[in-house]
Structures are given as structure tokens and as C-alpha cells.
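User: Please explain the terms used for this structure, setting each value against the rule behind it.

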Amino acid sequence: MVRRISNSRDVPKGHCAVYAGESQKKRFVVPISYLIQSLFQDLLTRAEEVFGFDHPMGGLTIPCKEDVFASVTSRLRS
């Protein structure tokens with residue numbers, strides 16, 4: 001389950017915060033189990049290609065539309 005959370009203290013154990021969206025990035029909290037799934041790894045590969053290790057939001061930024069991110073993560077199992 002992916003949640004939008006605005007406060008860094010709201011990231012529960014076993015989750016990580018990422019940013020996704022086009023002009024205005026939205027912050028999402030995803031289970032760390034997503035990190036090993038191929039669909040999410042495709043997003044991470046794209047993030048590496050676009051940003052390298054310099055993420056403009058100060059955290060992991062996924063370069064895709066918010067609805068695409070939500071669609072991909074809805075198909076993942078935690």
C-alpha cells in the first residue's frame with residue numbers, strides 16, 4: 001500500500017519515502033519490499049538515468065507522472 005505522507009517522522013519501519021510527479025512532486029511512502037520487485041526497479045533505473053545520485057527533492061525522486069507511479073505501485077505486493 002502506498003501512502004502520501006508529508007512529515008518525515010511519519011515513515012514507518014520497513015518503509016521508505018519517495019517523490020513522484022511532474023512539475024509538483026508528491027511524497028509517497030512505500031514498503032521497502034517494493035525495492036526488489038522488477039516493476040519498481042524499472043522506476044529506480046529511470047531515476048538513476050535522470051538524476052544519478054543528485055535528487056532535487058533531497059530524497060529519492062521517481063521521474064514519472066503521479067498517476068503512473070500509483071498505477072505501477074498498485075500492481076506490487078508488499
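Analyst: The following exchange takes up aromatic pairs, burial, the nonpolar core, strand pairing and cysteines in a model that is predicted.

User: What makes F28 and F69 an aromatic pair, and why is the pair called tilted?

Analyst: The structure holds 3 aromatic pairs. For F28 and F69 the centres are 5.0 Å apart and the planes meet at 45 degrees. Ring centres must lie within 6.5 Å, and an angle that is neither under 30 nor over 60 degrees counts as tilted; therefore F28 and F69 form a tilted pair.

User: How do you know that this pair links distant parts of the chain?

Analyst: F28 belongs to strand β3 (residues 26-31) and F69 to helix α2 (residues 66-74), with the two 41 residues apart.

User: Why are F28 and F69 called buried?

Analyst: F28 has 6% relative accessibility and F69 has 0%. Buried means under 20%, so F28 meets the condition, as does F69.

User: What makes the pair of F40 and F69 edge-to-face?

Analyst: The angle between the planes of F40 and F69 is 65 degrees, at 6.2 Å centre to centre. The distance is within 6.5 Å and the angle is over 60 degrees, so the pair is edge-to-face. F40 lies in helix α1 (residues 38-51) and F69 in helix α2, 29 residues apart. F40 counts as buried because its relative accessibility is 0%. Ring pairs join F28, Y34, F40 and F69 into a cluster.

User: Which residues have the most contacts inside the largest nonpolar core, and which elements contribute to it?

Analyst: The largest nonpolar core has 14 residues, and V18, V30, F40, L43, I62 and F69 have the most contacts inside it. Two or more residues come from each of β2 (15-20), β3, α1 and α2. Beyond its neighbours within four places in sequence, I62 is in contact with V18, Y19, A20, G21, L43, L44, A47 and F69.

User: How do you know that β2 pairs with β3 and with β4?

Analyst: Pairing requires at least two bridges. β2 and β3 are joined by 6 bridges and run antiparallel, so the requirement is met. V18 stands opposite F28 in β3. The two strands form a hairpin with 5 residues between them, and G21 in the turn has a positive phi of about 135 degrees. β2 also pairs with strand β4 (residues 60-62), in the parallel sense and over 3 bridges, so the requirement is met here too. A20 stands opposite I62 in β4.

User: How many disulfides are there, and why are C16 and C64 called buried?

Analyst: The count comes to 0 disulfides, which means that no pair of cysteine sulfur atoms lies within 2.5 Å. C16 has a relative accessibility of 19%, and C64 has a relative accessible area of 12%. Each value is under 20%, so C16 and C64 count as buried.

User: Why is S33 called partly exposed, and where does it lie?

Analyst: S33 lies in the loop between β3 and α1. Its relative accessibility is 26%; this falls between 20% and 50%, so S33 is partly exposed. S33 and C16 are 17 residues apart in sequence, and their C-alpha atoms are 9.8 Å apart in space.

Conventions:
Residues numbered from 1 in each chain as written. Predicted model: local features only at pLDDT ≥ 70, side-chain atom pairs only at ≥ 80, totals over all residues. Heavy atoms only, no water. Phe/Tyr/Trp six-rings, centres within 6.5 Å; stacked < 30°, edge-to-face > 60°. Helix = DSSP H or I, 4+ residues; strand = E, 2+ residues; numbered from the N terminus. Buried < 20%, exposed > 50% of the residue type's maximum accessible area, 1.4 Å probe, protein only. Core = buried A, V, L, I, M, F, W, Y, C linked by side-chain atoms within 4.5 Å. Contact = heavy atoms within 4.5 Å.
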